[in-house]
Amino acid sequence: MIKIEIPTADVSITKQDNPQLSNIYGFTDFHLIPRDKGGIFMFYNINDELLFVGKARKLRQRIKKHFEDTVSPIREHRDEVYTIDVCFVEEPTDREIYETYIINNLHSKYNVDKVFFR
């Protein structure tokens, strides 16, 4: 049997209530996420429930796209996102494995394409 552990977050950003700086849906700390790193990201609500898991070759651009894009799976639920956790994972195969594992073990609410638990 293969043992997979969910990696700990390398970067975690939280929504600000009344942000003074430029923001996207209340998030002002996108600069903490490197432009050139690949990995996985997890969106949580204020109750720490997992809403969505994704992977990307370039994390910052992909995460921002979820808040700007009209075809994002979370487009109707962007206001629910309170915390974004980011884990750096450079290998594409590892990213795919982690994403699928996390979706199915933590029962991500808005991932529908890789779900085995329904």
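# A first look at this predicted model

Start with strand β1, where the side chains take turns: V11 and I13 face one way and are buried, while S12 and T14 face the other way and are not. That fits a general pattern, as side chains in a regular strand alternate between the two faces of the sheet. Keep in mind that this is a predicted model. From β1, we can move on to its partner strand, the cores, one buried methionine and a pocket.

**β1 and its partner**

- β1 pairs with β4 in the antiparallel sense, over four bridges.
- Within β4, I84 is the residue that stands opposite I13.

**The cores**

- The largest nonpolar core is made of 19 residues. F30, F43, I63, F67 and I84 have the most contacts inside it.
- Five stretches each give two or more residues to this core: β1 (11–14), β2 (39–44), β3 (50–56), α1 (59–68) and β4 (83–88).
- There's also a second, separate core of ten residues, with Y44, V89, I102 and V115 among them.
- In soluble globular proteins, nonpolar side chains tend to be buried together.
- F67 is a good residue to click on: setting aside neighbours within four places in sequence, F67 touches I24, Y25, F27, F30, F43, R78, V81 and I84. Two of those names, F30 and I84, also appear in the list of core residues with the most contacts.

**M42, a buried residue**

- M42 sits in strand β2.
- Is M42 buried or exposed? M42 counts as buried because its relative accessibility is 3%, and the cut-off for buried is under 20%.
- Leaving out neighbours within four places in sequence, M42 is in contact with L50, F52, V53, T83, I84, D85, C87 and I102.
- For a sense of scale, M42 and T70 lie 28 residues apart in sequence, and their C-alpha atoms are 19 Å apart in space.

**The largest pocket**

- Rolling a probe the size of a water molecule over the atoms shows where empty space is left.
- The largest pocket holds about 170 Å³ of space.
- Its lining has 14 residues, and the closest to the pocket's centre are F52, V53, E99, N111 and D113.
- Which elements give two or more residues to that lining? They are β3 and α1, with β3 supplying the largest share, four residues.
- Sorted by class, the lining has six nonpolar, three polar and five charged residues.
- F52 and V53 link two topics here: they are in contact with M42, and they are also among the lining residues closest to the pocket's centre.

Conventions. Residues numbered from 1 in each chain as written. Predicted model: local features only at pLDDT ≥ 70, side-chain atom pairs only at ≥ 80, totals over all residues. Heavy atoms only, no water. Core = buried A, V, L, I, M, F, W, Y, C linked by side-chain atoms within 4.5 Å. Buried < 20%, exposed > 50% of the residue type's maximum accessible area, 1.4 Å probe, protein only. Contact = heavy atoms within 4.5 Å. 1 Å grid on protein atoms, 1.4 Å probe; cavity = no way out; pocket = protein on both sides within 12 Å on 5 of 7 lines; lining within 4 Å. Points joined across faces, edges and corners; volume = space filled by probe spheres on them. Nonpolar A, V, L, I, M, F, W, Y, C, P; charged D, E, K, R; others polar. Pairing = 2+ DSSP bridges.
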